[in-house]
Amino acid sequence: MSTVLWSSIRTVQDFPKPGICFYDLTPLFMNNLVELTDALIASIPAEQLAEVDSFVAVEARGFVLASLLAQRTGKSLLLVRKAGKLPPPVIGVGYSLEYGLDRLEMSADIEPQKVIIVDDVLATGGTLKAVKQLMNKCEHTVLGASIFLDLPDLHKDLGMTVWSVLDETSKPVEEAVA
């Protein structure tokens, strides 16, 4: 299955700035949603899926992945957005990422829940750590994080369980064109 998923990911060098390798999941979303959803669910232990109340969707591509999980499992969906996108009251945290500074927010009036954070790519871990901090601030219990693609050479331990579908070391070696 990982070969099918990898074959639907486009790699863009030097985007959004020089030195960054961007993994474009758009082709994957266009052609392999059933396989993608199956792989996400298979990567999370069954006992955690049974315990979770809501999937926390991290803007923007995490919205797609968390929506797939929530729809398939019948669980709720919570949105974490960039600053200024949600009406008040909100709770927010500022953080730094590999190419700048940002702020994440979520609705302040959600009762505490058991959550799994869902995002597309885990690089340095700045976004994931900020979302975990935001969940703690909102008194949600973080069971772990579901990540589609992990780039393990770019981050250290994040202080939470992380389940991933793919990691950079599983990428098939591209054959040279003669």
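A salt bridge is here a side-chain nitrogen of Lys or Arg within 4 Å of a carboxyl oxygen of Asp or Glu. By that rule D24 and R10 form a salt bridge, with their closest N and O atoms 3.1 Å apart. This is a predicted model, in which local features need pLDDT of at least 70 and side-chain atom pairs count only at pLDDT 80 or more, while totals for chains, interfaces and linings use all residues. Residues are numbered from 1 along each chain as its sequence is written, and side-chain values use heavy atoms, with hydrogens and water left out.

**Salt bridges**

Across the whole structure, a search finds 6 salt bridges, and the table gives three of these pairs, including the one already named.

| Pair | Closest N to O distance |
|---|---|
| D24 and R10 | 3.1 Å |
| R81 and E59 | 2.9 Å |
| R61 and D120 | 2.3 Å |

R61 lies in helix α5 and D120 in strand β7 (residues 114-122), so this salt bridge ties together parts that are 59 residues apart in sequence. Helices (H or I, at least four residues) and strands (E, at least two) are DSSP runs, numbered from the N terminus. D120 has a relative accessibility of 8% and therefore counts as buried, a word that means under 20% relative accessible area, whereas exposed means over 50% and partly exposed lies in between (1.4 Å probe, protein chains only). In the salt bridge between D24 and R10, D24 counts as buried because its relative accessibility is 11%, while R10, at 48%, counts as partly exposed.

**Helix α3 and its surroundings**

Just before α3, N32 lies in the loop between α2 (26-31) and α3 (33-43). N32 is buried, with a relative accessible area of 8%, and, when residues up to four places away in sequence are not counted, N32 touches V4 and S8; contact means heavy atoms within 4.5 Å. Within α3 itself, L36, T37, A39, L40, I41 and S43 are buried, and what covers the buried residues of this helix includes α1 (2-7), α2, α4 (46-51), α5, β8 (141-150) and β9 (162-167).

The packing of α3 against α5 can be described by their axes, which are 10 Å apart and meet at an angle of about 80°. Axes are lines fitted to C-alpha atoms, for helices over the stretch in contact, and angles run from 0 to 180 degrees between N-to-C directions. The two helices are therefore roughly perpendicular to each other, since angles of 65 to 115 degrees count as roughly perpendicular, those under 35 as roughly parallel, those over 145 as roughly antiparallel and the rest as oblique.

**Nonpolar cores**

A nonpolar core is a set of buried Ala, Val, Leu, Ile, Met, Phe, Trp, Tyr and Cys residues joined through side-chain atoms within 4.5 Å. The largest such core has 30 residues, of which L36, F55, I116 and F148 touch the most other members. The elements that give two or more residues to this core are α1, α2, α3, β3, α5, β7, β8 and β9, and its largest share, 5 residues, comes from α5. Leaving aside neighbours within four places in sequence, L36 is in contact with L5, L28, F29, L65, L68 and F148. A second, separate core of 22 residues includes V56, M106, M135 and L158.

**Helix α6 and strand β8**

Helix α6 (residues 126-137) has 12 residues and reaches 16 Å from its first C-alpha to its last, close to the 16 Å expected, where the expected span is 1.5 Å times one less than the number of residues. The buried residues of α6 are G126, L128, A130, V131, L134 and M135. K132 is also placed in helix α6, but K132 counts as partly exposed because its relative accessibility is 22%. Not counting residues up to four places away in sequence, K132 touches I117, V142, G159 and M160. Just after the helix, E139 takes a positive phi of about 65°.

L143 is placed in strand β8 and is buried, with a relative accessible area of 14%. With its neighbours within four places in sequence left aside, L143 is in contact with Q48, E51, V52, K114, V115, I116, T161 and W163. L143 and G100, by contrast, are 43 residues apart in sequence and 28 Å apart in space, C-alpha to C-alpha.
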